[in-house]
Amino acid sequence: MKLPWEDIDTILLDMDGTLLDLHFDNYFWHEHLPRKWAALHGLDLAAAKSQLFSSIEEETGTLAWYCLDHWSEKLGVDILALKADVAHLIGVRPSARAFLEFVAALEQPVVMVTNAHEDLIKIKMNKTGIDAYFDQIFSAHRIGAAKEEAMFWESLAQRLDYAPERSLLIDDNLRVLRAARAHGIKHLLTIAQPDSQRPARRVDEFPAVVSYEDIY
């Protein structure tokens, strides 16, 4: 699945689940936060998960869903501090760093587009150092819309001089890829195994990267 790099002028890359192992985020939301929530409210773990997941799923795909300040206020806990508790789980996906070195050498714009909160981006960049490979980083919170929304891509086009038909986006979120496709981005890839601790998934809608070594 080698990419036609001669037809690509701009490289857009997601962060969580694409370059970084999604295990950190999944573990936090599915295990660490529920345990803290259960202890705080005197609940058993199953009850805590039921309450949290019900509340969180209501806002899936919106900017609020990705906003740490929103959840800190809504849940009455310091989400960023709790994230820091398990920061040792933050890690770069296999072959991702070598891929970043490859695209950086192409001398084409390499841009991170992420739904992550800017405070969390700082933590992850300090932990991994992958920001050194990027010309620009655009957070959905800076844009004012989640990547699942058309508004994100419309606003990005006003801030970044790029041609969608000559751009590549790699993202583990299929709804994001659909929104990018609707915007006109031509080269779209997803990730077969965003979380190293969960089985690889089958994706038919978009080509799925197993190893970055397969695309360059």
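The expected span of a helix is 1.5 Å times one less than its number of residues. Keep that rule in mind for helix H2 of this predicted model. H2 covers residues 45-57, 13 residues in total. From first C-alpha to last, H2 reaches 18 Å, close to the 18 Å expected.

Now look at which side chains of H2 are hidden. Ala48, Lys49, Leu52, Ser55 and Ile56 are buried. Viewed down the axis of H2, these buried residues fall within an arc of 140°, so they line one face of the helix. The face turned away from that buried side carries the exposed residues Ala46 and Glu57. The cover over the buried residues includes helix H1 (23-41) and helix H3 (68-75).

Take one residue from the buried set. Serine 55 lies in H2. Buried means under 20% relative accessible area. Serine 55 has 14% relative accessibility, so it counts as buried. Setting aside neighbours within four places in sequence, serine 55 is in contact with Trp71 and Lys74.

The start of H2 has a polar detail. There, a side-chain oxygen of aspartate 44 comes to within 3.2 Å of the backbone nitrogen of alanine 46.

Turn next to the sheet. It is open and has six strands, in the order S3-S2-S1-S4-S5-S6, with parallel pairing. S3 and strand S6 (208-209) stand at the edges with a single partner strand each, so one side of each is left without a neighbour in the sheet. Further in, S4 and strand S5 (residues 187-191) pair in the parallel sense over three bridges. Isoleucine 170 stands opposite leucine 189 in S5.

Two helices lie across this sheet. H9 lies across S4 and S5, and runs at about 180° to S5. H8 lies across S1, S2, S3 and S4, and its angle to S2 is about 150°.

H8 (residues 150-159) deserves a second look. Its buried residues are Phe152, Trp153, Ser155 and Leu156. They cover an arc of only 165° around the axis, which puts them on the same side of H8. What do the buried residues of H8 pack against? Their partners among the strands are S1 (10-13), S2 (110-114), S3 (136-139) and S4 (167-170). They also pack against helix H7 (140-143) and helix H9 (174-183).

So both helices examined here show a buried side: within 140° for H2, and 165° for H8.

Conventions. Residues are numbered from 1 along each chain as its sequence is written. This is a predicted model: local features need pLDDT of at least 70, side-chain atom pairs count only at pLDDT 80 or more; totals for chains, interfaces and linings use all residues. Side-chain values use heavy atoms; hydrogens and water are left out. Helices (H or I, at least four residues) and strands (E, at least two) are DSSP runs, numbered from the N terminus. Buried means under 20% relative accessible area, exposed over 50%, partly exposed in between (1.4 Å probe, protein chains only). The arc is that of the directions from the helix axis to the C-beta atoms. Contact means heavy atoms within 4.5 Å. A polar contact is a pair of N or O atoms within 3.5 Å; within protein, one must be able to donate a hydrogen and the other to accept it, and residues adjacent in sequence count only if both atoms are side-chain atoms. Two strands pair if DSSP finds at least two bridges between them. Axes are lines fitted to C-alpha atoms, for helices over the stretch in contact, and angles run from 0 to 180 degrees between N-to-C directions.
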